[in-house]
Amino acid sequence: MEVYKKIEAKKAPSSSVGAIIWMRKNLFSSPLNTAMTLLAIAFLFWVIPPFIKWAITDANFKGTTKADCTGDGACWVFIKVKLQMFMYGFYPEVERWRVNLTYGLFLVVIVAFKYLKHSMTKIAIATVYFIIAFFLIHGGYFGLAEVDTNKWGGLMLTIVISAVGIIFSFPLGILFAFGRDSKLPIIKSISVTYIEFIRAVPLITILFLSAVILPLFFPEGISFNKLLRAMIGLVLFEAAYVSETIRGGLQAIPSGQHEAADAIGLSYWQKMLLIILPQALKVAIPNLVGVFISLFQNTTLVLIIGLFDLLAMVQLTTSDAHWLGFETEGYVFVTLVFWVFCYLMSKYSKSLENRFNTDLK
Amino acid sequence: MSKFSSRITKLSVAVLTIAGLTASVASADTLSDTMSQGYVKCGVNTGLPGFSVADQTGKWSGIDVDVCRAVAAAVLGDASKVKYTPLTAKERFTALQSGEIDILSRNTTWTETRDASLGLNFAGVNFYDGQAFMVHKSLGVKNANELNGAAVCVQSGTTTELNLASYFASHGMKYKSVSYDTTDQVRNGYESGRCGVMTSDSSQLHALQSTLKNPAGSVILPQIISKEPLGPVVRQGDDVWFNIVKWSYNAMVAAEERGITSKNVDKLKATTKDPAIKRILGLEGRLGENLHLKKDWAYNIIKQVGNYGESYYRNVGMGSPLKIKRGLNAQWKDGGLQYSPPFK
Amino acid sequence: MLAFLRDRKVRGYIFQLITITFVVAFLWYIGVNTSHNIEQRGIRTGFDFLNSTAGFGIDDSPISYTSSDTYARVFLIGILNTLIVSFVAIILATILGLIVGVLSLSKNWLIKKLMNSYVEIFINIPVLLQILFWYNVVLRSLPSPRGSLDFFGKIFINNRGVYIPKPALNSTTISIIVSVFAVFIFIYFLNNWANKRKERTGEDFAVLPIGIGLLVVAPILGYFIGGANFDFSYPHLQGFGFVGGKQYYPEFISLTMALTVFTATFIAEAVRSGIEAVSKGQKEAAASIGLSHYQALKLVILPQALRISIPPIINQYLNLLKNSSLATAIGYPEIVTVFAGTTLNQVGQAIEIISMTMLVYLVISLSVSAFLNWINFKMKIKER
C-alpha cells in the first residue's frame, strides 16, 4: 500500500495576513475610515487614561478614615468603610448571616436546577426556597429575631424588591395576557383597559399612588407598611409589561395548536397551561428577561418615595459628616454593581435566545 | 354592606399576611392596640440631626424621637419600645391618617390648615422654631434684605417654601427658587454652590451648618421670617391617645420646671414633700388613672427619657454639635415659651 | 342542568359574570371606603384648589410665573416643561441613536466596537442613576458663577447652568422662523409633485438637495428681509449671578443628557436590528437591477428597515416621556415635580392631584399610540 506524504497547505500570501494587513482592512480601508479610526483613537485617549489614573493609579485603597485619602485619585477607602451599608443598609450586623445564607441557598437552588429534569419539582423547590428566604430575612418566627423592614437597605433591599417584583408580576402578567387574548368581551376589555392604562403612565406616579392614595382605599385601621406599598406599586406596574411580552409569545403560536388542543377535548385552562403557554413562553423568554432587567433598574425609583435601596445609599453615606464629598466614588461603585447585574442578565437572555432559536438561519 | 365589607377586609388582610407582609389592623382605640402589640408606632424624619437621626446600628435619637420614647415610657413602661417609621414630607400625614403610625413626631409645623383640614390634632409644641437664611460668607451679605436676586435652595412642599415666597414678595425683592425633595439634597445643592442662599427653620440651619465641609464658610443671617411651632401630631377622634401624647410631653416640661431630672428622680420619689412633685410622680392623686395609665407613668418618662431640658441639652443644645441656645424654648419663668399646664 | 353547564358559551357567560361582579364589587368597596375615609378625616375634595394661590417659586418656567399665580398655572407649567424636556431629548436621542445604530454596522472594527460598548454600557445602567450622576457629579464639578467658563465673553458655563445670548423676538427672528416654515411647506408640496411626476414619467426629481439648499438659503434671506438685527441680550454677571441671555438650568441639562444617552442606546439597537433584518438577497437584488449604492439604500433597504425600526423607536419616545418624570429626583419643574410633588405637599388632595397627573400622561401616551397605529397602518406592506 502506497503511503502518501502529507503535503502542508501553502501559507496564505504575506500580503493578506498579519496585523498590518488586518489593520489596513478593518481600520484604514478608505480615507473616511482612516479619519474615523483616528478620531476614535483620540477619543479613547481622551477618556481612558485619565479614568485609569483616577480610578487606579492615583487612587487610595488603604486606610480607614478620610485622612488616608491623600492622592488626587478616587478614595476607595470610602467604599471599603461603607461597604456594609451599601450591601445591607441598617440590617443588624449580628443578623446579616441570614441574608448571606439566603444568597447561598439561591446558588444551591440554581445548581440543583441544572440536575433536575421535572419541572414540577423545580417549581416546588423554588416555592419552598422563597418561603424559607422570607422567614430568614424577615424573621419573627422559629426563634429568629424580627428585622423590621425599615432596617432593610442597600443592595439587599434592591434584590428583595426585584425578586418580589418578578415573582408576583409574572403570574399576574400571564393572567392579563390570557385575558387580553380571550374571546370573552368583558374579560378582554378589563384586561386591555388595565394594560393600556398602566403602560401609559410613569412608574413614579404609580408609586405615589400606592404611597399616598392606597391607604385611603381601605377601611381605617388597615395599613400597609412602606416597603409593601412600594412592592404593590411595582408589581401592578410591571405586570402590564410582562403581559404584553407574553402576549407577543401567545400571538406567535399558530392557531393549529389551539384547534388541535380543542379537538382532543382539553378544557380552556388545560389547553392554555399545558399546550399554549409553554410554547409562548419559549418565544417570549428573551424579551421577558429584558422586562426583568428594566424592572431591576426601576427598583431605583423607590428612593424617591424614601426607601434606602442601593442607589439611595450613595446619598445616605455621603451625608455622613466624616465622609462628605465622595459622591463620585459612591456613584461609580453603585453604577458598577448595577451594570454587572444587568449585563449578566442581558447576556443570559442572549444565550436563551440562541438556545430557543430552533429556526434554521 | 358592612358585613360584606368587613369580610372582604378580613380576607384581604389574611391574604396579605399570608403573603408574609405585615399589614396591621388597628382600631379606634390606639391605647389598647399599643398595649397589645407592645410598641408605639412613631413616624419620624428620615434624618435630621438633633431631631431624628439613626446611627450606624439603626438606633434613633433626637428631640422628636424623645417624644415617642416618652410616650412609650408612659404607656408601656419602657422607652425603647418604639417602632420608628422614617417618613418623607409627602407621606407623613397619610401615614398617620391610615394608622401606619400612631404619633407623627417629625418637625411638623402647627398650622391652622393642617390642624383643621387634615383630620389631625397637634398635641403640643416641642420646639419653637422660625425660618432663617444661611449664606456663603463669600457673598458678603449681612442682612436678609440684601438678598435681592439670589438663588435660594429650599425644600419643596414645606411651609418654608411659602414663607420664602411671601418674604421676598413683601420686601419687593426677587429670588431664584431651587427646590428639592429632601433635606440632604438641599444641603448638597447649597454646598456645591447651586444656590448661594439656603433657607429653612433656624434649628435645621444650625444642624446642617455643622455637617458642611467648611462650617465657617457659611453664616446664618439674624432675621427670623416666620413662626414655626413644631410638635407631635395624632389622629383626630381618639381623645384618650391625644391626651396621653399631650401629657407625656407636658410631663417632660413640668419636670424641668420642678427641677426633676433623670438623675434625682429616684431620690425625690423617696424623699419629696412637695405635693406638686408627688402628683407628677404618681405618689398622690389620680392623674395616671385619668389618662388610663399606670400611676408611675410620668416617673418612667423622667427616669428613662429625662425632662425637657435634658432632652434639649443632649440633642440640640450645648451638649450636642448643634449648640442651639434655648431662646424661645426656655421655660416660661426664664422668658421662654415652654409652659406646661398644671399637673392637678 | 350539568349539560347546560358544559356548554362552552354558557360557561363563558358565567365566568364573565363572576369576574365583572368581582371587579365591580372591588371598585365599589374601595369607593365606599375612600369616600368614608375622606369624610371622616375631614380631607377637602374637589378642584377648587386649582384657583388658589400657589405661593411658591418656580424658576425654570417657559411662561411667566410668580408666586402669586394659581395652582392651575403650576399645572400648566408642569405639562409644558415635561413636553419641552421630552421634545429636546427625543430630538437629541434620535440623532445620537441613528448615528450609533448605523455606525455599529460599520466595517471599521474600532468604530464598531466603540459603538457596541457605548450601547452595552449605558443600556445597563438605570436611568435614574444616570440622571443623578450627571446632576451630582458632572455638573457639580463646574465652577461657581464668579469663576465661570467663559467663551468669547458671550457664553458662560458654571454650576448654575449654561448662559447663551438670546435673540430678541423682533422682525428678524420672526422673518427667519416664517421663512423656515415656508420652506417646509414648499418641500412638502414639491415632494408630492415629484412623486406624481415620477409615477407618470419615471423620472427622478432631486427633492433632497433642493430642500437642503433652500433650508440654508431661506433663513439667510429671512435675516436680511427682517432687518438684519438680532438684538441679542447677552448674559453678564450682576449681583449674585448672571442676568440677561438665555439660561439653561443644570436640572434641565442633566435630565436631557441622561435621557438622551440612555434612550439613544435603545434607538441604536432598533436601527441596527432594522437594517440587519433586511435580507442580503434584497441588497443583492437591488445591485443586480443596476441600482447605485445610494439608490439601493433609499429605495430598497431603508424603506424596509424603517418599517421594522419605527414602531420600537416610537415606543422609546414614549418611554423617554415617562422617564422624564424622574426629574423629581433632581427638582426640574416638570409635572411630577411641581404638581404631584410640591402642589400635593401643599394642598394634600392626593386623589385629585395624582389623577390629574396620570391623566396628562394618559392623554399624551394614547395620542402617540394612535399616531403609531396610523404609521403602522400606512407602512403596512400592501398585499394585493
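## A walk through the chain B sheet, with a stop at chain C

Start by selecting residues 131-136 and 197-201 of chain B: these are strands β9 and β12, which run antiparallel and are joined by five bridges. Keep in mind as you go that this is a predicted model.

Zoom in on F133(B) in this pair; across from it, T199(B) is its bridge partner in β12(B).

Now show the side chains of β9(B). Which way do they point? Q131(B), F133(B) and V135(B) face one way, while A132(B), M134(B) and H136(B) face the other, and all are buried. In other words, β9(B) is mostly covered, with six of its six residues buried.

Next, add residues 218-220 of chain B. This is strand β13, which runs antiparallel to β9(B) and is linked to that strand by three bridges. To see where they meet, pick H136(B) and look for S218(B), which stands opposite in β13(B).

Time to bring in the whole sheet. Five strands of chain B make up an open sheet in the order β11-β10-β12-β9-β13, and the pairing is mixed. Colour β11 (175-180) and β13 of chain B separately: each has a single partner strand and stands at an edge, so one side of each has no neighbour in the sheet. If you look along the sheet, neighbouring strands are turned by 25° against each other on average, ignoring direction.

Move over to β10(B), residues 150-155. Six bridges pair this strand with β11(B), in the parallel sense. A handy pair to label here is V154(B) and S179(B), the latter standing opposite in β11(B).

With the strands in view, switch on the helices. Helix α7(B), residues 183-191, packs on the sheet and touches β10, β11 and β12 of chain B. Its direction makes about 160° with that of β10(B). Then select residues 159-170 for helix α6(B), which lies across β9, β10, β11 and β12 of chain B. This helix runs at about 155° to β10(B).

For the last stop, hide chain B and display chain C. How many helices and strands does chain C have? There are 12 helices and six strands. The radius of gyration of chain C is 27 Å, well over the 21 Å from the globule rule for 384 residues, so this chain is more spread out than a compact globule. Its C-alpha trace spans about 80 × 75 × 45 Å along the principal axes. Colour chain C by burial and 35% of its 384 residues come up as buried. If you draw a contact map, take the contacts in chain C with a separation of 6 or more: 66% of them link residues 24 or more positions apart.

Key:
Residues are numbered from 1 along each chain as its sequence is written. Chains are lettered from A and ligands numbered from 1 in the order in which they are written. This is a predicted model: local features need pLDDT of at least 70, side-chain atom pairs count only at pLDDT 80 or more; totals for chains, interfaces and linings use all residues. Helices (H or I, at least four residues) and strands (E, at least two) are DSSP runs, numbered from the N terminus. The radius of gyration is taken over C-alpha atoms; the globule rule is 2.2 Å times the number of residues to the power 0.38. A residue is buried if 20 or more other C-beta atoms lie within 10 Å of its own, exposed if 12 or fewer, and partly exposed in between; C-beta atoms are placed from the backbone. Two residues are in contact if their C-beta atoms, placed from the backbone, lie within 7 Å. Two strands pair if DSSP finds at least two bridges between them. Axes are lines fitted to C-alpha atoms, for helices over the stretch in contact, and angles run from 0 to 180 degrees between N-to-C directions.
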